[in-house]
Amino acid sequence: MRKKIVITIKDTGDMSEIIKNIEKLKSKKIKVGVFSGEKHENSEIDMADLARIHEYGMTINPKNGKYLAIPCHPKAKGKSPRDFNDLFFIETEKGNGLLAKEKGKDSFDVYFVLVKSVTIPERSFLRSGYDENIDKIYKKIKDMMPDVIANEIDPEFFMDSIGEEFAGLIRKKLVSIKSPPKSKVTLAASPGKTNPLQDTGQLVESIRHEIE
């Protein structure tokens with residue numbers, strides 16, 4: 001919800017310059033978030049789509065074949081079963097499956113868990129990051145705006161400052177998220193990386209701002 005900001009305009013003696021700066025600001029928008037056009041380095045999914053999936057949650061079903069293959073070994077991370085030629089299938093009691101690789105005599109490592117669907121829980125970082133930080137942004141706008149209108153701060157610099165600070169606050173929100181935690185399967189493919197939204201670091205780095 002938009003908030004009304006009351007700003008005291010400095011008397012510079014040049015109303016034409018004040019009006020010019022106000023009109024310049026009125027014609028611009030600051031957008032903050034994850035924008036389309038960038039592909040994820042491991043899956044080729046658009047980063048905006050990936051952000052949407054994590055923001056709202058989603059149940060994913062296989063498009064081709066019976067199963068989804070979920071990597072559960074560090075060597076399988078970012079890969080598919082087609083990248084291996086020595087995996088064998090193990091059926092589980094629940095009707096799913098495992099793809100494993102021989103490790104030695106009477107021993108094997110599980111590389112992929114095969115499931116008929118997977119539900120990614122909602123982990124909001126954009127909406128929650130906005131709600132938790134919008135008051136800080138409004139305060140910065142209110143503090144800087146009189147100098148912008150009086151031509152003491154360049155309008156482009158002002159908008160970049162607001163956009164970058166807001167993007168930074170949302171990045172900070174993403175990094176802080178711990179719940180719902182990663183599944184045991186996902187954690188097995190990335191040992192030690194417990195933040196559910198940080199694996200390669202690409203998602204947090206894709207949060208940025210644009211001026212329109």
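In the predicted model, strands β5 and β6 form a hairpin in which two residues lie between the strands. One residue of this turn, D106, has a positive phi of about 60 degrees. The two arms of the hairpin, β5 (residues 97-104) and β6, are paired in the antiparallel sense over seven bridges. Within this pairing, A100 stands opposite V110 of β6, and L98 has V113 of β6 as its bridge partner.

Strand β6 also takes part in a second pairing. Strand β3 (residues 68-71) is joined to β6 (residues 107-115) by four bridges, and these two strands run antiparallel. Here I70 is the residue that stands opposite V113 in β6. V113 is thus placed opposite I70 of β3 and is also the bridge partner of L98.

The hairpin belongs to an open sheet of four strands, arranged in the order β3-β6-β5-β4 with antiparallel pairing. The edges of the sheet are formed by β3 and β4 (87-91), each of which pairs on one side only. When direction is ignored, neighbouring strands of the sheet are turned against each other by 40 degrees on average. As a general principle, the side chains of a regular strand alternate between the two faces of the sheet.

The helical part of the model is considered next. The packing of two helices is described by the angle between their axes and the distance between those axes. For helix α1 (residues 15-26) and helix α3 (residues 126-149), the angle is about 130 degrees and the axes lie 9 Å apart. Because of this angle, α1 is oblique to α3. The contact involves E17, I18, N21, I22 and L25 on the side of α1, and M145, V148 and I149 on the side of α3. Classified by residue type, the contact of α1 with α3 comprises six nonpolar residues, one polar residue and one charged residue.

Helix α3 departs from a straight course. A straight helix of 24 residues would span 34 Å at 1.5 Å a residue, whereas the end C-alpha atoms of α3 are separated by only 30 Å. A kink of about 50 degrees is present in α3, and the kink is centred on N133. Just after α3, N151 adopts a positive phi of about 70 degrees. A positive phi is thus found at N151, just after α3, and at D106, in the turn of the hairpin formed by β5 and β6.

Terms used. Residues numbered from 1 in each chain as written. Predicted model: local features only at pLDDT ≥ 70, side-chain atom pairs only at ≥ 80, totals over all residues. Heavy atoms only, no water. Pairing = 2+ DSSP bridges. Axes fitted to C-alpha atoms, helices over the stretch in contact; angles between N-to-C directions. Parallel < 35°, antiparallel > 145°, perpendicular 65-115°, else oblique. Contact = heavy atoms within 4.5 Å. Nonpolar A, V, L, I, M, F, W, Y, C, P; charged D, E, K, R; others polar. Expected span 1.5 Å × (residues − 1). Bend = angle between axes of the 7 residues up to and from the residue.
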